[in-house]
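Reader: Got a minute to go through this one with me? Let's put it up.
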Amino acid sequence: MSTLTKVGRTRAFLTVFLKEVKENLRDRRTLTSAFLTGPLLGPIILVMMLNITLNRQFDKAEKPLPVPVIGGQYAPNLIASLKAGGIVPTDAISNPELAVRKQDADVVVRISPDYATAWRKGEPVQVELIYDSSQRDANAAVERVTQLVETYARQQGAMRLVARGLSPGTAWPVVAARRDQATAQARAALVFSILPYFFVLTVFMGGMYLAIDLTAGERERQSLEPLFANPVPRWRILAGKLAAICTFSAASLLISLLAFAVVGRFIPTEKLGMELDLGARFGAQVLVLMVPLIVLLAALQSMVAAFAKSYREAQTYLSLLMFVPVLPSILLSTMPIKSQDWMYAVPLLGQHLGIMQLLRGDGVTGEQVGLCLVGSLVAAVLGVLVTARLYQSERLAISG
């Protein structure tokens with residue numbers, strides 16, 4: 001008499017669940033994907049990269065910045081003003097255009113030889129800033145030099161007006177007063193906009209190899225047919241397998257949230273006037289938003305793996321499916337649209353919007369949470385029903 005018959009049909013779900021969990025806890029590939037590579041190493045690597053990037057931006061915005069200057073002898077007062085702003089003029093280079101393209105310099109200042117002549121005549125003078133806008137790492141240096149030159153220009157322009165007996169305000173009859181309403185957390189959200197996709201990908205990777213092994217893997221090993229031969233409804237077997245996949249995915253997400261809560265404290269956001277809170281409250285709210293998505297992704301992975309005849313074929317199919325979670329991020333980055341409440345009911349998109357709201361410090365309303373949970377849960381139920389129908393097919397148990 002089979003194990004499932006002994007425990008009875010009512011315990012079939014628990015038996016399948018425990019069996020799959022125990023077996024895959026011994027599989028190094030599943031454990032590495034679910035508990036190590038993505039959820040643990042991912043946050044550490046991401047935070048290290050952000051630390052390097054933010055520190056470099058801070059250094060270029062605050063610390064002394066070496067800048068090659070061509071023709072500095074023609075504008076000694078301008079050079080003195082740049083030095084006062086933390087710019088360290090270095091020797092001129094023969095080919096500044098090539099230097100910035102090769103990233104030998106972030107920005108090069110070039111002063112025209114006729115600078116002094118035009119200045120004495122009271123004519124506008126030109127100072128060239130040579131840079132490569134495609135080099136994102138150079139933007140902070142370019143912005144810093146630009147602001148210093150423009151500040152010097154405004155000061156000298158005001159002095160010219162005063163020398164002629166005019167008020168400096170004459171040159172600026174209208175002044176734009178900028179009132180930035182972005183909070184410190186909102187500014188940090190722009191830097192960490194990758195987190196929603198990262199969490200979804202963590203859930204996906206946490207259950208992917210388990211989903212492949214429990215369907216295509218068992219089919220290839222010819223162990224699925226004996227399992228289906230037991231006098232137990234197929235949906236109970238599927239429920240046990242889905243519960244195992246969801247357990248690994250949820251554990252992967254939980255490890256990732258804990259890792260971010262720890263390593264997030266080492267991100268120097270305060271240097272750039274930002275604030276980031278990835279603590280327990282943030283993690284708990286993200287976990288609530290992701291619960292129905294965990295079930296949905298488990299059902300989709302099982303469904304896709306059910307069409308494969310071998311482990312490798314299922315791995316190929318699921319690798320293609322992995323691109324689905326990136327769609328909301330691409331949509332919102334290429335088509336910046338104002339979020340509306342109904343969008344929270346769209347699976348993946350709702351989670352993305354909700355996590356971004358949490359990062360910004362705005363929080364999510366009860367209605368938005370409800371829409372996110374209901375919309376994703378309905379999609380999850382549909383995915384489970386379709387997968388359950390596939391499990392009723394006799395062809396699923398036949399390999400080859």
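Reader: Start with the cysteines. Is Cys246 buried or exposed?
Author: Cys246 is buried, with a relative accessible area of 16%. Buried means under 20% relative accessible area, exposed over 50%, partly exposed in between (1.4 Å probe, protein chains only). Keep in mind that this is a predicted model: local features need pLDDT of at least 70, side-chain atom pairs count only at pLDDT 80 or more, and totals for chains, interfaces and linings use all residues. Residues are numbered from 1 along each chain as its sequence is written, and side-chain values use heavy atoms, leaving out hydrogens and water.

Reader: And Cys372, what's its relative accessible area?
Author: 1%, so Cys372 is buried.

Reader: How many disulfides turn up?
Author: A search of the whole structure gives 0. The test is a pair of cysteine sulfur atoms within 2.5 Å.

Reader: OK, new topic. How many helices and strands?
Author: The protein chain has 16 helices and 4 strands. Both are DSSP runs, numbered from the N terminus: helices are H or I with at least four residues, strands E with at least two.

Reader: Which residues of H13 are buried?
Author: In H13, residues 311-321, Tyr311, Ala314, Leu318 and Leu321 are buried.

Reader: Why are those on the same side of H13?
Author: Because they cover an arc of only 75° around the axis. That arc is taken from the directions from the helix axis to the C-beta atoms.

Reader: What's exposed on the other side of H13?
Author: Arg312 and Leu320 are exposed there.

Reader: And how much of the whole chain is buried?
Author: Buried residues are 42% of the 400 in the protein chain.
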